[in-house]
Each structure stands twice: as C-alpha cells, then as structure tokens.
Amino acid sequence: MISTLRFPIRSHTGLGSIEKLFVEVRNWNLKKILIVTDQTLVNIGLVDKFLGPLKEELAVSVYSDVEPEPSLGCAERLVGYTRQEGFDCVLGFGGGSALDLAKLAAVISQNEGDVSDYLNLTGTRKLERHGIPKILIPTTLGTGSEVTDIAVLSLEGTKDVVTHDYLLANVAIVDPQLTLTVPKRITAATGIDALTHAVEAFLSINANEATDALAIKAIELIGGAIKNAVENGADLESRTAMSYGSYLAGLAFFNAGVAGVHALAYPLGSQFKLPHGESNAVLLPYVMKYITSSCPKKMNMVGNILSKHVDERTAEDFLKLFFRLVEDVGLPTTLKDYGIPESALDSLTDDAVKQKRLLSRSPKKLDREVIYQIYQLAFEGVTNDKGGDFDV
Ligand SMILES: [Zn+2]
C-alpha cells in the first residue's frame, strides 16, 4: 500500500518554542500582521504577554470577533476585513476556532468570492491562489488544527468544512507554556478530543505504518498525562506531554482520518452546542465497544496502553475503560446530563448518517440502526455492569 504523509511546512514544538515566532517574522521581513484570536485570551492578557513584543517589529492588528464553533457568518466577516486591510501574514492564536478562522482569512481573502463558495458540501469554486503566509499557535491542545488543512464551520443544524492544501500552516508553533492557565474542564475536553483523534486514526481503515507510529506515541503520552494535566494544570511535565501528544495525534488523524466518534459527535455540536471535545467524550465508549470486533488486535494495543492509567481490570473491557477515562477527567458521561431529551435521538441520527466521509473510515460499518443505538446507550450512560451490549 502506498502511504502519503502531509505536514505543515515547519513545526516548532516544546517548551519555549514561542520564541521561534520572532525568528520567523524577521526572516520573512513582514510589515503588517493580523492576529486572529478570541476575546477571552485578550482579556486574560495572554495575547499581550506572548505576542506583545511583535509590536516592536511590525504593525499588528488584533481581530477577536471569534466565536466558539464559528458560524459561516463569522468567517465571512473576518475574510472581508482581511481583504480590506491588506495584511502580509495571518497569525492564528487560540483554540481550534481561532486557528481555523485564521486559515480561511489567509487563503480566501486572496481568492475571489465568499467562504460559502468553497464549502465542501455546497461550494462551487476551487481555490486558485495560495494566499498569504499563516502561522498557527494553539493555546488549548487537542483540536490538531495547527497541523491540518481543514477549517470547520457551523451551519444550520450541521457542520461543513473548507479543506485544501493551501490551508496548511507555513509555520505551526506548539508551546506547552501557553496552556498552563487553561481551565480544568477545557483541558479535559480537549485532551479527550486529542485522544479520540489518535485512537480513531489508529483504527481507521486509512491507517498505515507511519500514522500508526504517530498515533501510538500520542496515545501513550495523552493516556499518561491527561489526568494530571486536568488536576494540576500548572504541572509543566504533564502539559508538555499533552502538548506533544496532541500535536502527534493531529498529524495522525490529518493523514489517516477520524471516523465514527466524530461523525456522531458533530450533530451534538450543531444541534445542542456541546463543545467538540465533550461531544466526542460522551460517545467514545460506545463507538469503541461496537467496532472492537473488527479490529481486536489494535484495540488490545490501545487497551494495554490506557489501562495502565485507569484500572487494570478494565484492560479488556473497552466500554468500561473509555467510560472510566471520561469519568476520571470529570466530564459528564451521559447525554441526559447535558439536558438532551430522548426525543432528540432521531434527529441526531438523521444528521449523523449524513457524515459519510467520516463514517466511511470506520473499521466496522455504522448504519442507521447502530448509530441510533449508540446515542441511546450514551443517553443513559450504560456500562457493561448494567448491560451495554448491542443487539445488532
Ligand atoms: Zn476532534
């Protein structure tokens, strides 16, 4: 089998790697840079602390009209602004939303038309120009947005993406010191998201030796550090492990793809505004349980790594293992806990079956009946103790 790996042009990782930003800016001789970030990071002083010194080098504009799970309208406004102002570089600084929007600003502002023209499902145009350089710096870990060529947007009742080689970062900088103040719940949610990326990439039908190497290392790092990163946010060692784990998981899923967990998670985000990582967390145990029979060897490898950090007795009980992991980091474990009514399971299923691109990578086919059943198990938070078997 032929494998093709795609990466950002250059990545700087590790403690203190933010310093490389200033080297890059000088090397490119930039004059006018746009920082895309969210207002919270401006308010807590993170933007000033880490990016403030840029003002000594060049003209800096900060754009902070960034929504979580950004809408198409939010992206169109930013692209319009970027076009008007004529920047020579875009710097995304923040969570996945800020980074995804920065990619769109850098590329679509230099092409004809609107963001909607380039959407995967409904767009009709093809990107013709590379756009201006983009530097992507995550401040929450997990999304992997800094290494992928995808920007995800929320639309009425669903999500769509813009995806193209041109959206890849010229430079990604992943520095754990930026994540030290991330609150517990976000650390938990983004950490489980990163773990889901690694596990889904490892089990994807598009996995290969190279993506497996990235995914396994990511599972080891995240599995070993996530609990401590949530409980002791200022612990540099755990944050550094999470930072590398999330980065490697991003590369693994960018090249091998994610599958069923993400397909079923998207409707929870679009219909009920659940944060992306939490949507994955609540579904992860059931999707894993369902697909195990199609990939027992690989699932055992995952179980052996993760069970070291959870509970020995769960090593071969994947539903309980993943359930415990989510519980251990303090996230809700049922759809009921999120206030989602049982009557919504049908419409969630309707939306999930549309995610064909993601579902097609699952090692075991997820049809409508199975998807409904997964939502139903997640609704109650069933574990094997109470009978979590599938009837299909
Ligand atoms: Zn994800």
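In which loop is Asn29 found? In this predicted model, Asn29 lies in the loop between α1 (20-28) and β2 (32-36). The legends below begin with that residue.

**Figure 1. Close-up of Asn29 and Lys273, loop residues with positive phi.** Asn29, although not a glycine, adopts a positive phi of about 55°. Its relative accessibility is 53%, so Asn29 counts as exposed. Lys273, likewise not a glycine, has a positive phi of about 60°. Lys273 is placed in the loop between α9 (260-272) and α10 (276-291), and at 60% relative accessibility this residue counts as exposed. As background, most residues other than glycine have a negative phi.

**Figure 2. Close-up of the domain 1 and domain 2 interface.** The domain assignment divides the chain into domain 1 (11-178) and domain 2 (182-380). The centres of domain 1 and domain 2, taken over C-alpha atoms, are separated by 26 Å. To the contact, domain 1 contributes 24 residues and domain 2 contributes 28 residues. About 2,100 Å² is buried between domain 1 and domain 2, with 64% of that area on carbon and sulfur atoms. Zero salt bridges are found across the interface of domain 1 and domain 2, whereas five residue pairs are in polar contact between them, both partners at pLDDT 80 or more. On the side of domain 1 that touches domain 2, β1 (10-13) and β7 (158-163) each supply at least two residues. The most on that side comes from β7, with three residues.

**Figure 3. Close-up of the largest nonpolar core.** This core holds 81 residues, of which Leu264, Leu283, Met288, Phe322, Leu335 and Tyr375 touch the most other members. Helix α7 (residues 209-231) provides the largest share, ten residues. At least three residues of the core are drawn from each of domain 1 (11-178) and domain 2 (182-380). Not counting residues up to four places away in sequence, Leu335 touches Leu268, Val282, Ile340, Leu345, Tyr375, Ala378 and Phe379. Another core, of 32 residues, lies apart from the largest one and includes Leu34, Val90, Ile132 and Tyr166. In soluble globular proteins, nonpolar side chains tend to be buried together.

**Figure 4. Close-up of Thr196, a buried residue, and Ile44, an exposed one.** Thr196 belongs to helix α6 (residues 184-203). With a relative accessible area of 0%, Thr196 falls under the 20% limit and is therefore buried. The residues that Thr196 touches, not counting those up to four places away in sequence, are Ala201, Val261, His262, Asn280 and Leu284. Ile44 occupies the loop between α2 (39-43) and α3 (46-51). The relative accessibility of Ile44 is 53%, so this residue counts as exposed. Between the C-alpha atoms of Ile44 and Phe7, which are 37 residues apart along the chain, the separation is 32 Å.

**Figure 5. Close-up of the salt bridge between Arg77 and Asp65.** The count for the model comes to 20 salt bridges. One of these joins the side chains of Arg77 and Asp65, at 2.9 Å from N to O. Because Arg77 lies in helix α4 (residues 72-85) and Asp65 in the loop between β3 (59-63) and α4, the pair ties together parts that are twelve residues apart in sequence. Arg77 is partly exposed at 41% relative accessibility, and Asp65 is partly exposed with a relative accessible area of 34%.

**Figure 6. Close-up of the salt bridge between Glu112 and Arg129.** The closest N and O atoms of Glu112 and Arg129 are 3.4 Å apart. Both Glu112 and Arg129 lie in the loop between α5 (96-108) and β5 (134-138), so the pair ties together parts that are 17 residues apart in sequence. Glu112 has a relative accessible area of 47% and is partly exposed; Arg129, at 39% relative accessibility, also counts as partly exposed.

**Figure 7. Close-up of the salt bridge between Arg368 and Asp346, with a further network.** The side chains of Arg368 and Asp346 meet at 3.6 Å, N to O. Distant parts of the chain are linked by this pair: Arg368 is in helix α15 (residues 368-380) and Asp346 in helix α13 (residues 345-352), 22 residues apart. Arg368 is partly exposed, with a relative accessible area of 38%, and Asp346 is partly exposed at 43%. Elsewhere, a network of salt bridges links Arg6, Asp149 and Asp165.

Methods. Residues numbered from 1 in each chain as written. Predicted model: local features only at pLDDT ≥ 70, side-chain atom pairs only at ≥ 80, totals over all residues. Heavy atoms only, no water. Core = buried A, V, L, I, M, F, W, Y, C linked by side-chain atoms within 4.5 Å. Buried < 20%, exposed > 50% of the residue type's maximum accessible area, 1.4 Å probe, protein only. Helix = DSSP H or I, 4+ residues; strand = E, 2+ residues; numbered from the N terminus. Domains from an automatic or database assignment. Contact = heavy atoms within 4.5 Å. Buried area = accessible area lost by both parts, 1.4 Å probe. Salt bridge = Lys/Arg side-chain N within 4 Å of Asp/Glu carboxyl O. Polar contact = N/O pair within 3.5 Å; in protein donor to acceptor, adjacent residues only side chain to side chain.
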